[in-house]
Amino acid sequence: MLRTTLLAGVRLVPAHRAACSVPLARPQYFSRVWMSTRKPVGRGTRFDLLVGPRLLLLRRTVLRRRMKARSQHRLSAPSPSSRVEGDWVLFHPVYSAEELKAVEVLHREATTIPDKLAYRLVRFARWGFDFVSRYKHRPIPPGSNMSVKELREGGYILDERGWLSRILFLETIAGVPGMVAGMLRHLQSIRLMRRDNGWIHTCLQEAENERMHLMTFMTLRDSPLWFRALILGAQGVFFNMFFFTYLISPRTCHRFVGYLEEEAVLTYTRCIEELERGWIPEWADKPAPEIAIDYWRLRKDATLLDVIYAVRSDETTHRFVNHSLANLVPDQDVNPFALQEPGMDVKGGKIAFDRKESEEYMRGVQKLVREGKAKIEE
Ligand SMILES: [Fe+2]
Ligand SMILES: [Fe+2]
């Protein structure tokens, strides 16, 4: 329909008859259609002046309608035929009530130069992120009895939109490293025709887990165009930086992700505290999104607070796994978490396994697997 209109426009106003020196931006498909039917036109013809602005307006209207339709589709419940049912995700932990509360905010001291570099980079990214999302986290004066409105206006706490922007941006970035690391290790395995020692799956599981965080929170709000553009730019820069750095030093990259996850645990811990203190009243007793109930096997009456607890536990797992992997030799050592991960009683209060602990843990898991096999064969 649109192309027919364009072609009709082309025939009605021959462009070669009059040239104009005013350059105009034209939609790409306009040039394509024109060039496929007539000889090429120069920039800024009468045709452009007459039809170009109308086409731009038409294109803008079509884009706006498409975006509106997409956002309505995202925010509405999926139809039964569009839902994926069954065991549709990679492995990820499902937490007990005790495990959800067994998370501590921890930090691993950076001692080597690459570790210090990774930590500084994370701190810099955090500063930039705080600046963009206008997050200050000013300490509340002792004995203060300020209302939620006063706390928000004073920059002491975020409102629910602020929290969502912050979480959505964080999750779009956090979903990149696992996929890049998994992809590079996969390619290396087939290129060198050798086994990967079980790292690929853990990396891909982390990437999917982060994407599920995003899928969960994006059901709460549709993101404006400028926010999507910001994500596009950030992903383009971060993907390439991480890709090339992983080729040079996988350990530094896993350390970087470990520090990034430390920040994620801190962010979700603060979010939980503010929610439990009643400082995010818009989310009080808000039901958990359907996708979250399905993914984390939550109760049907679970709330958003339950979801944030589960997400924080996931981030704790990423913190532990990445700091542990950064303590290994990537081309030699077996991933100790390839078959099983420690429970939250370990991951919640311990920042990482060192290389020796990883080996002991892996031997313990392998022993369990052998015993299980022997029992089945009996
Ligand atoms: Fe996440
Ligand atoms: Fe994470």
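A nonpolar core, as used here, is a set of buried Ala, Val, Leu, Ile, Met, Phe, Trp, Tyr and Cys residues joined through C-beta atoms within 7 Å. Keep in mind that this is a predicted model.

**Exercise 1. Work out what the chain is built from.**

Start with the elements: the protein chain has 14 helices and zero strands. Next, look at burial: 29% of its 378 residues count as buried. Finally, check the contacts with a separation of 6 or more: residues 24 or more positions apart account for 80% of them.

**Exercise 2. Find the largest nonpolar core and say which elements feed it.**

Step one is the head count: the largest core holds 46 residues, and Phe 256, Leu 260, Val 307 and Ile 308 have the most contacts inside it. Step two is the list of contributors: α5 (113-132), α7, α8 (199-217), α9 (225-248), α10 (250-276), α11 (290-295) and α12 (304-325) each give two or more residues. Step three picks out the top giver, α10, with the largest share at 10 residues.

Now zoom in on Val 307. Leaving out residues up to four places away in sequence, Val 307 touches Thr 216, Ala 288, Ala 292 and Ala 302. Another core, of eight residues, lies apart from the big one and includes Ala 326, Phe 337, Ala 352 and Phe 353.

**Exercise 3. Decide whether Arg 161 is buried or exposed, and place it in the fold.**

First, locate the residue: Arg 161 sits in helix α7 (residues 160-192). Then count: Arg 161 has 11 C-beta neighbours inside 10 Å, so it counts as exposed; the cut-off for that is 12 or fewer. Last, look across the sequence: Arg 221 is 60 residues away from Arg 161, yet their C-alpha atoms are 8.4 Å apart.

Methods:
Residues numbered from 1 in each chain as written. Chains lettered and ligands numbered in written order. Predicted model: local features only at pLDDT ≥ 70, side-chain atom pairs only at ≥ 80, totals over all residues. Helix = DSSP H or I, 4+ residues; strand = E, 2+ residues; numbered from the N terminus. Buried ≥ 20, exposed ≤ 12 C-beta atoms within 10 Å, placed from the backbone. Contact = placed C-beta atoms within 7 Å.
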